[in-house]
Amino acid sequence: MNRRSFIRMMAAAGGAATLNPVRVLGSRYQSTGYFGAHPFVDNHPDSVFILRTQIESESDTGARAQAGLDFARSVIVPREDGVPLTHLVPIKPNIRVDPNLALAKPAIVDSHFVGTDVYFTEGVIGGLKELGLSPEQIFLREVNGTANGYTLGYAEMSQRTGVDLRYLGASVGTISENDLVWTDTPDGLFYRKMPHLWPVNAPDTWLLNIAKLKTHGMGVTLCAKNLQGTLAKPYQQHCAGPTSTLGIQSAHRNPTFQTDIKANFDRHKADGVPRWDRPGSDWNCGLGMETWASRNTDNNAALKDRVGLHVIEGIFGRDGDFSRGPNPPGDDNNKTGDPWNYPMNYIIFGRNAYHVDIVGHWLAGHEPGNFGLFHLAKDRGLSRTYNPMNIPVYEWKGDGTATLTPLDSFARTPLKTYYLQRSYSGQTEPFWHLANEPCEYPSESPLGVEEKTGPRAFVLHQNHPNPFNPNTSIEYTLPRGGSVRLEVYNATGQLVSVLVDGYRPAGTHMAVFNAAGKASGTYFYRFRSGDYTLTRKMVLLK
């Protein structure tokens, strides 16, 4: 479906009223008319959240779908304000398929995923439907691949769910203008105008970016790079040499892009950005990477106000480069070895694509400061750091509980790439490697300094929402680490639930009270830490 067809369908059905959410049995929509990322996620835009899954087998498709549904239920929620349920929801999974994969190694297509898990995505779509969104409001878009080559099962999934899946691989000039949303980028380093695949970046939309935890020539290709596939051909070709115009018309690119990008490259190289000294004239050299990163940050800057949530699906992490990789183990110099999938069981998400990606790189065994993309993102104000230890990380539970957690408490799984191999200036490095050499990070205060170093006082926030039914979130802040107990009492003073009972580090945390099976009425929640005690009132209204 394109924009013109969608508008015509709405007009024939009675206009905007058709988009009012259907209050179906089991819908999580009650009376607000809004949805969005959980308020705690929105209120901590610099933070990154990690949800653990427990899936051991790639053949367990039901568990993968349930993981997506559970994620959506706890993270994409009804809101008292936020995104109207009349908005459209474009979803950008990573569903690019190596065109040689099916012919060269069909077994890998059958048994190993090369993109965002289709069943996880199906589960997320199920959660969106529970909010009251109709299938006609949900769109899957991709520029890469082939018209009938959705070997990851996306074509079948779109039929099961009823959502609109389209491969839009025709180039600008051939593709219908009804399939495009043109975005002006006057401050772009490379682009001055770019065509996004409708309804991406259209008004009244909420873009959900679901990347895959896997490696490629740019390192670990996560959220920021996944958005490359929202652009029409040939504008999406970020991975081209530093002199390439991508074949786009001159009015749509910065007339001085080569000199501007070269000046930035010289500055970054002089500043010691790791691996930026690799010589060459194609995309796989220091200047080529600077050019690719410039195009990438242009696109992310153009989309940042439309993306509701950035997600890395990391149930299984994948190394190598599509159909080739460093396996069997010890085969690090075999350029035609096999890739492999490793059970990592992480769903990583947040509001800032680069912060999410920095944490994703670290979990994949790399040191993010070795990737120039993150240096450039910070230069352009799209990231506040490239040091993973400066980013507040929360472990997110399926019930919506968020606990500030040291990043190094999460296990790392090394995923090797061929990113800027050190095979020059007398250096030797395996073709498949980790960019994990120590990085000298600049001295800077941790993000969310009140979370990392501790606020000055205990704070117990009013629960949200209030009144509530059946779930409500309770946020609290600690000036120092210590034992915490958070209890819920009914109006007669009976203890009905203990939400937290144990040690918590300094910072902001969130607990969830599920009042399913409880009677309507007034409840009290009491917070205790050391000698500090505070009680607040909340109302369950069914």
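1. Let me start with a lining. Four elements, β11 (219–220), α10, α11 and α12, each supply at least two residues to the lining of the second largest cavity. Please keep in mind throughout that this is a predicted model.

2. How big is that second largest cavity? Its volume is about 120 Å³. Its lining is made up of 17 residues, and those closest to its centre are M218, W292, H361, F371 and L373. In the whole count there are two cavities of 30 Å³ or more.

3. Now to the nonpolar packing. The largest nonpolar core has 45 residues, and within it I50, I348, V359 and L363 touch the most other members. The elements that give two or more residues to this core are the strands β2 (48–52), β10 (207–216) and β13 (341–350), together with the helices α8 (223–226), α10 (286–303), α11 (353–363) and α12 (372–379). Which of them gives the most? That is α11, with seven residues. You will recognise α10, α11 and α12 from the cavity lining in my opening point.

4. L363 is a good residue to click on. Leaving aside residues up to four places away in sequence, L363 touches I50, M344, Y346, I348, L407, F410, A411, R412 and T413. Apart from this core lies another one, of 44 residues, with F40, Y154, L165 and F316 among them.

5. A word on the cysteines, in case you were wondering about cross-links. A disulfide is a covalent bond between the sulfur atoms of two cysteines. How many turn up in a search of the whole structure? The search finds zero disulfides. As for individual cysteines, C285 has a relative accessibility of 1% and so counts as buried. C439 is buried too, at a relative accessible area of 16%, which is under the 20% limit for that label.

6. Next, the charged pairs. Side chains of opposite charge can pair when their charged atoms come close. The structure holds 28 salt bridges, and I picked out three for you to look at. In one of them, E429 pairs with R275, with their closest N and O atoms 2.9 Å apart. E429 sits in the loop between β15 (402–404) and α13 (449–452), while R275 sits in the loop between α9 (257–270) and α10, so this pair ties together parts that are 154 residues apart in sequence. Are these two residues buried or exposed? Both E429 and R275 are buried.

7. Another pair is D501 with R485, where the closest N and O atoms are 3.0 Å apart. D501 lies in strand β19 (residues 495–504) and R485 in strand β18 (residues 482–490), so the bridge ties together parts that are 16 residues apart in sequence. D501 has 53% relative accessibility and therefore counts as exposed, whereas R485 is partly exposed, with a relative accessible area of 22%. The pair also belongs to a network of salt bridges that links R485, E487, D501, R526 and R528.

8. My remaining pair is D81 with R79, whose closest N and O atoms are 3.4 Å apart. The two partners carry unlike labels: D81 is partly exposed, with a relative accessible area of 46%, but R79 is buried, at 12%.

Definitions and conventions. Residues numbered from 1 in each chain as written. Predicted model: local features only at pLDDT ≥ 70, side-chain atom pairs only at ≥ 80, totals over all residues. Heavy atoms only, no water. Core = buried A, V, L, I, M, F, W, Y, C linked by side-chain atoms within 4.5 Å. Buried < 20%, exposed > 50% of the residue type's maximum accessible area, 1.4 Å probe, protein only. Contact = heavy atoms within 4.5 Å. Disulfide = S-S within 2.5 Å. Salt bridge = Lys/Arg side-chain N within 4 Å of Asp/Glu carboxyl O. 1 Å grid on protein atoms, 1.4 Å probe; cavity = no way out; pocket = protein on both sides within 12 Å on 5 of 7 lines; lining within 4 Å. Points joined across faces, edges and corners; volume = space filled by probe spheres on them.
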